[in-house]
Amino acid sequence: MISQGAELVLPCPVCGTAVPQDVAERLVQNRLQWTVSVECPACGSATEEVGWDESPEVIREALRDAHGWSRIRLPSSAASPAVIMKAIRQGQQQVTLADARECARKLLAGEFCGTRGEMELLAERLRDMGVAADVSRLPAAGARCSAG
């Protein structure tokens, strides 16, 4: 299972005290799941929020800060933009054709990146369509990247 986590300090959802909160993304049955878990020592509350598909930006930023971005590498005989666009839109009906086209262009140029979970999910969809795709972590310095 692909999973990645980080810690954020945010207000307790019950009493407002600033407390560490664990955030994570994982791939579960070909979907991206995100979680936010908190145990507040001030009020004793414990909560966990779970969501699917698109992680809130605060989670993406925490994962980026802790682990850096990842990107997909395609072989020189990469798939056509149409196949990549299909993989991008699979399960993401809110993604327009224009957005999918731009993401495919960036992916082919090596400039499309995101969290490890996001990139592993897209790479898995590409592999299911017969496209060899590997995920790699971007170096922190000098990376040219447009987050997906």
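**Notes on the fold and its helix packing**

1. To get your bearings, the protein has four helices and eight strands. This is a predicted model, so take what follows as a reading of that prediction. Going from the N terminus, the elements come in the order β-β-β-β-α-β-α-α-β-α-β-β.

2. Next, overall dimensions and burial. Along the principal axes, the C-alpha atoms fill a box of roughly 55 × 35 × 30 Å. The protein has 148 residues, and 39% of them count as buried. If you look at contacts between residues at least 6 apart in sequence, 55% of them join residues at least 24 apart.

3. Helix 2 is a good place to start looking. How do helix 2 and helix 4 pack against each other? Helix 2 covers residues 81–89 and helix 4 covers residues 116–128; their axes are 9 Å apart, at an angle of about 130 degrees. That angle makes helix 2 oblique to helix 4. The crossing of the two is right-handed.

4. Which residues make the contact between helix 2 and helix 4? On the helix 2 side they are I84, A87 and I88, and on the helix 4 side L122, R125 and L126. Sorted by class, that contact has five nonpolar residues, one charged residue and no polar ones. If you step through I84, A87 and I88 in the viewer, keep the usual helix geometry in mind. An α-helix has 3.6 residues a turn, so residues three or four places apart point the same way.

5. Helix 2 also packs on helix 3, which spans residues 97–108. Here the axes come within 9 Å and cross at roughly 115 degrees. This crossing is right-handed too. From helix 2, the residues involved are P81, I84, M85, I88 and R89; from helix 3, they are L97, A100, R101, C103, A104, L107 and L108. The class count for this contact is 10 nonpolar, two charged and no polar residues. Note that I84 and I88 turn up here and also in the contact with helix 4.

6. For contrast, try A82, another residue of helix 2. Is A82 buried or exposed? A82 is exposed, with a relative accessible area of 52%, because the cut-off for exposed is over 50%. Measuring the model from C-alpha to C-alpha, A82 and L10 are 41 Å apart in space, with their places 72 residues apart in sequence.

7. Back to helix 4 itself. Helix 4 has 13 residues, and from first C-alpha to last it reaches 18 Å, close to the 18 Å expected at 1.5 Å a residue. Its buried residues are G117, E118, M119, E120, L121, L122, A123, R125 and L126. L122, R125 and L126 from that list are the ones that meet helix 2. Just after the helix, G130 takes a positive phi of about 90 degrees.

8. R116 deserves a look as well; it lies in helix 4. At 30% relative accessible area, R116 is partly exposed. Leaving out neighbours within four places in sequence, R116 is in contact with I2, S3, Q4 and S70. The C-alpha atoms of R116 and H67 are separated by 8.6 Å, although the two are 49 residues apart along the chain.

9. Over in the strands, Q33 sits in strand 3, residues 31–39. Q33 is buried, with a relative accessible area of 13%, because anything under 20% counts as buried. Which residues does Q33 touch? Not counting residues up to four places away in sequence, they are A24, E25, R26, V28, V50, G51 and W52.

10. Finally, two loop residues with backbone angles to check. Most residues other than glycine have a negative phi. N30, in the loop between strand 2 (18–28) and strand 3, has a positive phi near 65 degrees. N30 counts as partly exposed, at 48% relative accessibility. D53 has a positive phi as well, near 80 degrees. Its place is in the loop between strand 4 (46–52) and helix 1 (57–67), and with a relative accessible area of 27%, D53 is partly exposed.

Methods: Residues are numbered from 1 along each chain as its sequence is written. This is a predicted model: local features need pLDDT of at least 70, side-chain atom pairs count only at pLDDT 80 or more; totals for chains, interfaces and linings use all residues. Side-chain values use heavy atoms; hydrogens and water are left out. Axes are lines fitted to C-alpha atoms, for helices over the stretch in contact, and angles run from 0 to 180 degrees between N-to-C directions. Angles under 35 degrees count as roughly parallel, over 145 as roughly antiparallel, 65 to 115 as roughly perpendicular and the rest as oblique. A crossing is left-handed if the near helix is turned anticlockwise from the far one by less than a right angle, and right-handed if clockwise. Contact means heavy atoms within 4.5 Å. Ala, Val, Leu, Ile, Met, Phe, Trp, Tyr, Cys and Pro count as nonpolar, Asp, Glu, Lys and Arg as charged, and the others, Gly among them, as polar. The expected span of a helix is 1.5 Å times one less than its number of residues. Buried means under 20% relative accessible area, exposed over 50%, partly exposed in between (1.4 Å probe, protein chains only).
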